[in-house]
Amino acid sequence: MQRCRVFANPRPRVQPETVSAGRRHRVGIYGGTFNPIHNAHLLVADQVGQSLSLEKVKFMPDATPPHVDKKTAIDAELRLAMIKLAIKNNPLFGIEESELRRGGVSYTYDTMKKMIEQHPTTDYYFIIGGDMVDYLPKWHRIDELVRLPRFHFVGVRRPGAKNEAAYPVIWVDVPLVSFSSTDIRRRVEQGLPIRYMVPDAVAAFIKEHHLYHE
Ligand SMILES: Nc1ncnc2c1ncn2[C@@H]1O[C@H](COP(=O)(O)OP(=O)(O)OP(=O)(O)O)[C@@H](O)[C@H]1O
Ligand SMILES: O=C(O)c1ccc[n+]([C@@H]2O[C@H](COP(=O)([O-])O)[C@@H](O)[C@H]2O)c1
């Protein structure tokens, strides 16, 4: 039977003295297709990072998304370039390129198992929206993923999702924003404005590279 343990907005589960002694690091990993990155992603990453006192929140673009219906993502280099433009003014943010370097289908279990092995003094907080929280039972090797040491899921509620966790999730309340990358792509295709939905530099990049037009 699946474990059903949901933590409602708890305080970080870490002893302050271990952080100040520098023995343990607290890093957020925000995986996604980011096709393209948008302002809800940035808001979520910043709010989670601050709520959980994370040292870094690293955006991790996937190579091939595990979802069958998400195979239409544009080239990884273009997605990565837009992430770099979007995060440059926030020192909390960073980039994790291991899934791009590995290639193939980006199963989170494979990625996090290796990362945890390579960084034994780091606690990882893997950020997912409510739609992904709902979808967790279908994730590859999910029972093993949630049992990895020093691995935590952080959930942020998302309008339109059930936001129901069948696995342990640390919920963080962030202001709700309903738009998605799909909305951005559709708006670009229809010639509608995307200002304030993505950073200006990302909007300029989309225009310059003629992305998301038929
Ligand atoms: N508006 C939002 N509010 C909360 N979480 C979000 C929001 N948009 C995306 N996320 C979360 O960010 C992560 C990466 O999402 P992703 O890159 O697939 O963006 P998306 O907007 O969901 O894209 P698409 O519309 O192409 O499916 C996922 O965990 C997703 O649930
Ligand atoms: O490992 C899985 O089975 C799995 C299934 C769905 C999503 N994920 C990861 O969750 C993150 C968000 O996914 P997505 O499709 O919303 O961009 C991204 O890092 C994916 O690799 C992982």
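**Exercise 1. Decide whether Asp 75 is buried or exposed, and place Asp 75 in the chain.**

Step 1. Count the neighbours: Asp 75 has 11 other C-beta atoms within 10 Å.
Step 2. Apply the cut-off: a residue with 12 or fewer such atoms is exposed. Asp 75 is therefore exposed.
Step 3. Locate the residue: Asp 75 sits in the loop between strand S3 (56–61) and H3.
Step 4. Relate sequence to space: Asp 75 and Pro 149 are separated by 74 residues in sequence and by 33 Å in space, C-alpha to C-alpha.

The model used here and in the other exercises is predicted.

**Exercise 2. State how many helices and strands the protein chain has, and what percentage of its residues is buried.**

Step 1. Count the elements: the protein chain has 9 helices and 7 strands.
Step 2. Take the buried share: of the 214 residues in the protein chain, 35% are buried.
Step 3. Look at the contacts between residues at least 6 apart in sequence: 76% of them join residues at least 24 apart.

**Exercise 3. Work out how helix H3 and helix H9 are oriented to each other, and which residues meet.**

Step 1. Identify the helices: H3 covers residues 76–87, and H9 covers residues 200–208.
Step 2. Read the geometry: H3 and H9 pack at an angle of about 150 degrees, and their axes are 8 Å apart.
Step 3. Apply the cut-off: angles over 145 degrees count as roughly antiparallel. H3 and H9 are therefore roughly antiparallel to each other.
Step 4. Give the handedness: the crossing of H3 past H9 is right-handed.
Step 5. List the residues that meet: H3 brings Ala 81, Met 82, Leu 85 and Ala 86, and H9 brings Ala 201, Val 202 and Phe 205.
Step 6. Sort the contact by class: it has 7 nonpolar residues, with no polar and no charged ones.

**Exercise 4. Describe the residues around ligand 1, and find which element supplies the largest share of the shell.**

Step 1. Count the shell: 18 residues lie around ligand 1, and Gly 32, Ala 40, Gly 129, Ser 180 and Thr 182 come nearest.
Step 2. Name the elements that each supply at least two residues: helix H2 (39–51), strand S5 (122–129), helix H6 (130–135) and H8.
Step 3. Find the largest share: H2 gives 3 residues.
Step 4. Sort by class: the shell around ligand 1 has 8 nonpolar, 8 polar and 2 charged residues.

**Exercise 5. Describe the shell around ligand 2 by residue and by class.**

Step 1. Count the shell: ligand 2 is surrounded by 17 residues, the closest being Gly 31, Pro 66, Thr 108, Trp 139 and His 140.
Step 2. Name the elements that give two or more residues: strand S2 (25–32) and helix H5 (108–118).
Step 3. Sort by class: 8 residues of the shell around ligand 2 are nonpolar, 7 are polar and 2 are charged.

**Exercise 6. Find what is notable in the backbone at Pro 36, Arg 150 and Tyr 196.**

Step 1. Take Pro 36: the peptide bond from Asn 35 to Pro 36 is cis, with omega near 5 degrees. Pro 36 lies in the loop between S2 and H2.
Step 2. Take Arg 150: phi is near 60 degrees, which is a positive value in a residue other than glycine. Arg 150 belongs to the loop between helix H7 (142–145) and strand S6 (151–156). Arg 150 counts as partly exposed because 18 C-beta neighbours lie inside 10 Å.
Step 3. Take Tyr 196: phi is near 70 degrees, again a positive value in a residue other than glycine. Tyr 196 is in the loop between H8 and H9. Tyr 196 is exposed because 9 other C-beta atoms lie within 10 Å.

**Exercise 7. Classify Val 169 and Arg 186 as buried or exposed.**

Step 1. Take Val 169, in strand S7 (residues 169–171). Val 169 has 25 other C-beta atoms within 10 Å, so Val 169 is buried.
Step 2. Take Arg 186, in helix H8 (residues 181–189). Arg 186 has 12 other C-beta atoms within 10 Å, so Arg 186 is exposed.
Step 3. Add the separations: Val 169 and Thr 182 are 13 residues apart in sequence and 25 Å apart in space, C-alpha to C-alpha. For Arg 186 and Ile 29 the values are 157 residues and 27 Å, C-alpha to C-alpha.

How values were computed. Residues are numbered from 1 along each chain as its sequence is written. Chains are lettered from A and ligands numbered from 1 in the order in which they are written. This is a predicted model: local features need pLDDT of at least 70, side-chain atom pairs count only at pLDDT 80 or more; totals for chains, interfaces and linings use all residues. A residue is near a molecule or strand if its C-beta atom, placed from the backbone, lies within 6 Å of it. Helices (H or I, at least four residues) and strands (E, at least two) are DSSP runs, numbered from the N terminus. Ala, Val, Leu, Ile, Met, Phe, Trp, Tyr, Cys and Pro count as nonpolar, Asp, Glu, Lys and Arg as charged, and the others, Gly among them, as polar. A residue is buried if 20 or more other C-beta atoms lie within 10 Å of its own, exposed if 12 or fewer, and partly exposed in between; C-beta atoms are placed from the backbone. Axes are lines fitted to C-alpha atoms, for helices over the stretch in contact, and angles run from 0 to 180 degrees between N-to-C directions. Angles under 35 degrees count as roughly parallel, over 145 as roughly antiparallel, 65 to 115 as roughly perpendicular and the rest as oblique. A crossing is left-handed if the near helix is turned anticlockwise from the far one by less than a right angle, and right-handed if clockwise. Two residues are in contact if their C-beta atoms, placed from the backbone, lie within 7 Å.
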